[in-house]
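Trainee: I am new to this structure and would love a close look at a single part of it. Could you walk me through the cysteines, please?

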Amino acid sequence: WRNASGWLTAGSSRSSCCHWYGVECGTAGDVTALQLYGNQLQGTLPSESFGATLLPELRFLSVGYGNISGTLPGTLAQASKLEILDARVNFLSGSLPRLPSSLRFLSLHYNLIGGTFPPLAGLRSLRQVDVVHNQLSGTLAATGWSVSTGGPPGLEVLNLGYNRISGTVPAQ
């Protein structure tokens, strides 16, 4: 990757990770943000990174414009504080897992993600979704779009272009 300052130095530990390039920590020393956008990261997103085990306070994950492959981990839904997920322009594949209810912004455009577009029920904080240029297919489910069925009341941007989705966006 382009800038690995502090990441691979001798004696580096979890307690010192707040000094690594692209890592931001809260006052208690927990990682709250990984801002590695454009840093040419390679590999996969490890499932243990999400949830209470490794990064329980993670709010912001930006790994766009890299060489990340594989699938989005199924444990993503356990990232209960994640608000922003930006993994655009990578080589992510598979289907979209359940998303964390705290999510406000999702950008996965220009990947290889397939399957059907998931229902938005329970994603009350969601404001922007950009999954243009993937391989999503099927029709949009009518459930989960309206506020009365748990859909996001403040959804402002929904970009599904250049996929294989058919039908119309439900009126809700």
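Mentor: Happy to! Let us begin with a term: a residue is called buried when its relative accessible area is under 20%, exposed when over 50%, and partly exposed in between. Keep in mind, too, that this is a predicted model.

Now to the cysteines themselves. The count of disulfides comes to 1, and the partners are Cys-18 and Cys-25, whose sulfur atoms lie 2.0 Å apart. That distance is within the 2.5 Å cut-off, so the pair counts as a disulfide. If you look along the S-S bond, the angle about it is -100°, and the link between Cys-18 and Cys-25 is left-handed.

How open are the two partners? Cys-18 has 26% relative accessibility, so it counts as partly exposed. Cys-25, at 24% relative accessibility, also falls between the two limits and is therefore partly exposed.

Cys-17 belongs to no disulfide: the nearest cysteine sulfur, which is that of Cys-18, sits 4.5 Å away. A pair must have its sulfur atoms within 2.5 Å to be called a disulfide, which means that 4.5 Å does not qualify. Is Cys-17 buried or exposed? With a relative accessibility of 7%, Cys-17 counts as buried, because that value is under 20%.

To put the picture together, Cys-18 and Cys-25 are joined in a disulfide, while Cys-17 takes part in none.

Technical notes
Residues numbered from 1 in each chain as written. Predicted model: local features only at pLDDT ≥ 70, side-chain atom pairs only at ≥ 80, totals over all residues. Heavy atoms only, no water. Buried < 20%, exposed > 50% of the residue type's maximum accessible area, 1.4 Å probe, protein only.
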